[in-house]
Amino acid sequence: MCGRYVSTRRSEDLVQQFRVTDWNPEALVAPNWNVAPTNDVWAVLEGADRETGALDRQLRPLRWGLVPSWAKSLSVGSKMINARVETVHEKPAYRRAFAKRRCLLPADGFYEWVAVPATEDSKAYKQPYFISPEGGQDMAFAGLYEFWRDRDVAGDDDPGAWWATCTIITTEATDAAGRVHPRMPLTIAAVDYDTWLDPEHQDVDELRALLTAPADGHLAARPVSTAVNNVRNNGPHLLEAAS
């Protein structure tokens, strides 16, 4: 799975990198070295302009943890932070989003954990590893998004009536990531951004072919501070080498 990741790029840089045409400069998602489920994250997606109907490439915050439109509670999202590539096109919770609501989730890297058993001198603990491309390049996780209507809010125009949520597509881990954890997030190569984001492109086999391992599997994994284990901790110090 992918349960925590790092996303620190500025919105202005993301707008340029992903050729975004529609975004609100006042929308804020702070750089985050410990992105956790239910956090707001930057996402790139394509949506129709309300006036013209033309597709715009948008940069907008989404809540991590997909909530299907038919879900009874927003809390469902905390259990749906990942969608398995093996079944994403078939599962009722994801198949509609896979067909029409795909997004990119910018990331610097992600965390996984290895259980360290207790010894005579120390207690058992989980050692976090930061996994990122060997060359240091950024990644765009393959994501899906949905809109969920809160029935407890009366008016559709109320900002609290609608929630936009997302999930990350994962696969079996390879290379350095596989030595730490059996699953890892999938990414989309820059040359395939347009196809992946296009809601009119709905061929399942062609879409699945766009999903790739981060950096083609050329990943580096290094142990980092156990401060990552607490979701309340944040900052670049989390990427410091483990002592």
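Which residue in S8 does Tyr5 stand opposite? In this predicted model, Tyr5 stands opposite Phe110 in S8. The legends below start with the whole chain and then return to this pair.

**Figure 1. Overview of the protein chain, with 5 helices and 15 strands.**
The model is predicted. The chain has 243 residues, and a compact globule of that length would have a radius of gyration near 18 Å. The protein chain has 18 Å, which agrees. Along its principal axes, the C-alpha trace spans about 65 × 40 × 35 Å. Buried residues make up 47% of the chain. Among contacts with a separation of 6 or more, 68% are between residues 24 or more positions apart.

**Figure 2. Strand pairing around S8 and S9.**
Strand S1 (5-7) pairs with S8 in the antiparallel sense over 2 bridges. Here Tyr5 of the opening question faces its partner, standing opposite Phe110 in S8. Phe110 has a bridge partner in S9 as well, and that partner is Ile131. Strand S8 covers residues 109-116, and strand S9 covers residues 125-133. The two run antiparallel and are joined by 7 bridges. Another pair along them is Trp113, which stands opposite Pro128 in S9.

**Figure 3. From S9 to S15.**
Strand S9 also pairs with strand S15, residues 219-223. This pairing is antiparallel and has 5 bridges. Which residue in S15 is the bridge partner of Tyr129? The partner is Pro223. S9 therefore appears in two pairings shown here, with S8 and with S15, given that two strands pair if there are at least two bridges between them. In a regular strand the side chains alternate between the two faces of the sheet.

**Figure 4. The largest pocket, with a volume of about 630 Å³.**
The lining of this pocket has 20 residues. Arg50, Gln58, Arg60, Phe147 and Trp162 lie nearest its centre. Which strands each supply at least two residues of the lining? They are S4, strand S5 (55-64) and strand S11 (162-172). S5 gives the most, with 6 residues. By class, the lining of the largest pocket has 10 charged, 8 nonpolar and 2 polar residues.

**Figure 5. The largest cavity, with a volume of about 70 Å³.**
The count comes to 2 cavities of 30 Å³ or more. The largest cavity is lined by residues including Tyr5, Ser7, Arg9, Val29, Ala30 and Pro31. Asn32, Val35, Asp40, Val41, Trp42 and Pro106 also line the largest cavity. Strands S1, S3 and S4 give two or more residues each to this lining. S4 gives the most, with 3 residues. The lining of the largest cavity has 8 nonpolar, 2 polar and 2 charged residues. Tyr5 links this view to Figure 2: Tyr5 lines the largest cavity and stands opposite Phe110 in S8. S4 links this view to Figure 4, as S4 also supplies at least two residues to the lining of the largest pocket.

**Figure 6. The second largest cavity, with about 40 Å³ of space.**
Pro68, Ser69 and Trp70 are among the lining residues of the second largest cavity. Pro92, Ala93, Tyr94, Arg95, Arg96, Ala97 and Glu146 line this cavity too. Which helix supplies the largest share of the lining? The answer is helix H2, residues 95-100, with 3 residues. By class, the lining has 6 nonpolar, 1 polar and 3 charged residues.

**Figure 7. Arg19, a residue with positive phi.**
Most residues other than glycine have a negative phi. Arg19 has a positive value, near 55°. Where is Arg19 placed? Arg19 is in the loop between helix H1 (11-17) and strand S2 (22-23). The relative accessible area of Arg19 is 48%, so Arg19 is partly exposed. The cut-off for exposed is over 50%.

**Figure 8. Thr38, with a positive phi of about 80°.**
Thr38 is not a glycine, yet its phi is positive. Thr38 lies in the loop between strand S3 (32-35) and strand S4 (40-48). Thr38 has 34% relative accessibility and so counts as partly exposed. The strands on either side of this loop, S3 and S4, both give residues to the lining of the largest cavity in Figure 5.

Note on methods:
Residues numbered from 1 in each chain as written. Heavy atoms only, no water. Buried < 20%, exposed > 50% of the residue type's maximum accessible area, 1.4 Å probe, protein only. 1 Å grid on protein atoms, 1.4 Å probe; cavity = no way out; pocket = protein on both sides within 12 Å on 5 of 7 lines; lining within 4 Å. Points joined across faces, edges and corners; volume = space filled by probe spheres on them. Nonpolar A, V, L, I, M, F, W, Y, C, P; charged D, E, K, R; others polar. Rg over C-alpha atoms; globule rule 2.2 N^0.38 Å. Contact = heavy atoms within 4.5 Å.
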